[in-house]
Amino acid sequence: MTTIRREVLTLPAAPLGPDNPLPPLRPLDEAHRIDDRDRADLPRDMARQVDYAPLRSLLPVQVRDGYDRERAPSGLDALVIENDRLRATVLPALGGRIASLHHKPTDRELLYVNPVLQPANFALNGAWFSGGIEWNIGATGHTTLSCSPVHAARVPAPDGGEMLRLWEWERLRDLPFQVDLWLPDGSDFLYVGARVRNPHERPVPTYWWSNIAVPEDRRVLAPADEAWHFGYERRLRRVPVPEYDGVDRTYPLNSTYAADYFYEVPDGRRRWIAALDEDGHGLVQTSTDLLRGRKLFVWGTGPGGRRWQEWLTAPGTGGYCEIQAGLVRTQLEHVKLEAESEVSWLEAYGPLDASPEGDWHTVLRRAEDRLAAALPRADVDAAYDAWRPYADTEPGERLATGSGWGALEVLRAGWKLPGTPFDEDTLGEEQRPWLHLLRAGSLPEPEHHEPPGGTLVARPWRDMLETTAATPLAEYHLGVAQWHGDDRAQAVRSWERGLKSAVDRWPLLRCLAVADQEDGHRERAADRYAEAFDDLCARRPEAAEGDEGWVVVTAALGREAIGALLAVGRTADARTVWERLDPATRVRGRFRLTEGELLAAEGRPEEARAVFDEDFEVADLREGADSIGLLWARLHDAPLPSRYDFRMRPGGG
């Protein structure tokens, strides 16, 4: 019989640290924009979905950038579901990631298992880690829930055993979702029933990709003769499979640069993707037809891709690639989920043994025959039909608790969501001021000059903010919600109104500084940043020296202020901000890079070069970022050292 148990997974881990307290007002640094030259050649449905509601803002989610690279042995709460054939290890505090899928009869691990937990800046909101199977919902990119807890509980399974249910509220699109893990007795395949619901009275853009990390010394098979190739040069083009530009790209190590290959699986063809080693052993993923997309992501063998692989794991660990499955052809698209509707499907993960060598169509035919023998297509459809009546079953024993955001939304709207209860007892400190606004019609003032906290930006919350008492705090939050709604002029007016009577001026000044930057008023932005930082330092009580909350907000605002001041050549003012940062902040890698930029701007190249000699590490370096390389090029004629080379495309970042 299938069992579900708690376990502690111990491995070297870098702590996540606190979230960035400043609201993310700037547009996303989107690496997945399509070059306009490629739009004309897209199929009509694909072109429509590429243009449909791409994410413009992270709000209401905050950026997670408080982690570092100091790893220490840590215990992670895990949930293990297993039968006599398979054992799946799930991390409910980290987005419900399946960290391991072990096939017991052959003693084989089917996934790439990362031996460390090292956050890096790959999720939409920052912190993400590599390895296992992750559930990407929300918008193009790794989900904001990558390093966040989800709810988990036991639920009856269709065969009379138990399922492990994971569920949460996705905040970018305000959608509840669930993932049911089910291991029928004697099955070599883990079934995954997934459902996304739209309880709103309006359509909502939807996105889903299941992301599976596997060792990169594999051949990746998918039933396609063409793929859409997308790289960091942002060009999308249709290419042949398996060979493109004279190279068989179904072997991940044959590619030099990082790239996505979105396979064009013909209509009517079974949906599946597999990664097999040279002996023909590996993992296969298949699904009901609704999950139509299949993808291969490769890091490539170039220095940047190799450096990222080292960055995300431990020295000497083998590299990985990703095979993925999604609702549409590519991850550049979003689909419309109609009002008060839902979408659901079933996936299956298990071992596959088939020779990967030989003519492409022969290899595919052999693999499909082996898959059909191990798990017929009709059985996947039957498993989905068997699971659907159980999707609404109320959970039994609770095994993990996620966030309180779903509970707050259910309280606000009165929604009934069978199978995924968002109970009031999950409400926490983050939801407290918004619960007060909902019930009492006002926002409580923060204590001891603390930062104002996150803002809810959905239209119902914005309406409440517009009718509550116009305190400086309410004007601050209202402005953030208006900014998110692209009503920027009104947002600026709200912040300016709040500023007239505010005691703590820095949150409003910082918002106005960002607005100035976005409008091209760089000098005024620098003035406001300098004033905001001065005000923050004046409000920061002496007793708060070393207090983590104050250190974090001072670092976040100081970093932005230095950048704004350097952008207009005010190096002396930037130096003043730098000197007022906490000493523990100034030695962190991201601030060592800032110091190098400041020294270079001050005309002190020797001292700036010395920063590089000290081997700093920018823990939250963004995927595709080239800031390190650009500063190096200002200071050196020599090639960029490999330890600083994170460039993901030919000739650049």
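Student: Which residue does aspartate 516 form a salt bridge with?
Tutor: Arginine 528, and the closest N and O atoms of the two are 2.8 Å apart. A salt bridge here is a side-chain nitrogen of Lys or Arg within 4 Å of a carboxyl oxygen of Asp or Glu.

Student: Is this a predicted model, and how are residues numbered?
Tutor: Predicted, with local features needing pLDDT of at least 70 and side-chain atom pairs counting only at pLDDT 80 or more, while totals for chains, interfaces and linings use all residues. Residues are numbered from 1 along each chain as its sequence is written, and side-chain values use heavy atoms, leaving out hydrogens and water.

Student: Back to aspartate 516 and arginine 528. Which helices are they in?
Tutor: Aspartate 516 is in helix H10 and arginine 528 in helix H11, so named because helices (H or I, at least four residues) and strands (E, at least two) are DSSP runs numbered from the N terminus. The two residues are twelve apart, and the pair links distant parts of the chain.

Student: Buried or exposed, those two?
Tutor: Both aspartate 516 and arginine 528 are buried. Buried means under 20% relative accessible area, exposed over 50%, and partly exposed in between (1.4 Å probe, protein chains only).

Student: Which residues do salt bridges with shared partners join into one network?
Tutor: Asp45, Glu226, Arg238, Glu264, Arg292 and Arg329.

Student: And how many salt bridges does the structure hold?
Tutor: 64. One of them is between the side chains of glutamate 424 and arginine 439, at 2.6 Å, N to O. Glutamate 424 is in the loop between helix H5 (405-413) and H6, and arginine 439, 15 residues away, is in helix H6.

Student: How exposed are glutamate 424 and arginine 439?
Tutor: Glutamate 424 counts as partly exposed because its relative accessible area is 43%. Arginine 439 has 55%, so it counts as exposed.

Student: What does aspartate 504 meet in a salt bridge?
Tutor: Arginine 539, side chain to side chain, at 4.0 Å, N to O. Aspartate 504 sits in the loop between helix H9 (488-501) and helix H10 (506-518), while arginine 539 is in helix H11 (residues 522-539), 35 residues apart. Aspartate 504 is partly exposed at 22%, and arginine 539 is partly exposed too, at 28%.

Student: New topic: strand S23. How many of its six residues are buried?
Tutor: Six of six, so strand S23 (residues 293-298) is mostly covered. Gly293, Lys295 and Phe297 point one way, Arg294, Leu296 and Val298 the other way, and all are buried.

Student: Which strand is joined to S23 by five bridges?
Tutor: There's S20 (residues 259-263), running antiparallel to S23 with five bridges, and there's S24 (residues 320-326), also antiparallel with five bridges. Two strands pair if DSSP finds at least two bridges between them.

Student: What are the partners of tyrosine 261 and arginine 294?
Tutor: Tyrosine 261 has leucine 296 of S23 as its bridge partner. Arginine 294 stands opposite alanine 325 in S24.

Student: Last one: where does leucine 312 lie, and is it buried or exposed?
Tutor: Leucine 312 lies in helix H2 (residues 303-312). Its relative accessibility is 0%, so it counts as buried. The C-alpha atoms of leucine 312 and arginine 69 are separated by 9.9 Å, though these residues are 243 apart along the chain.
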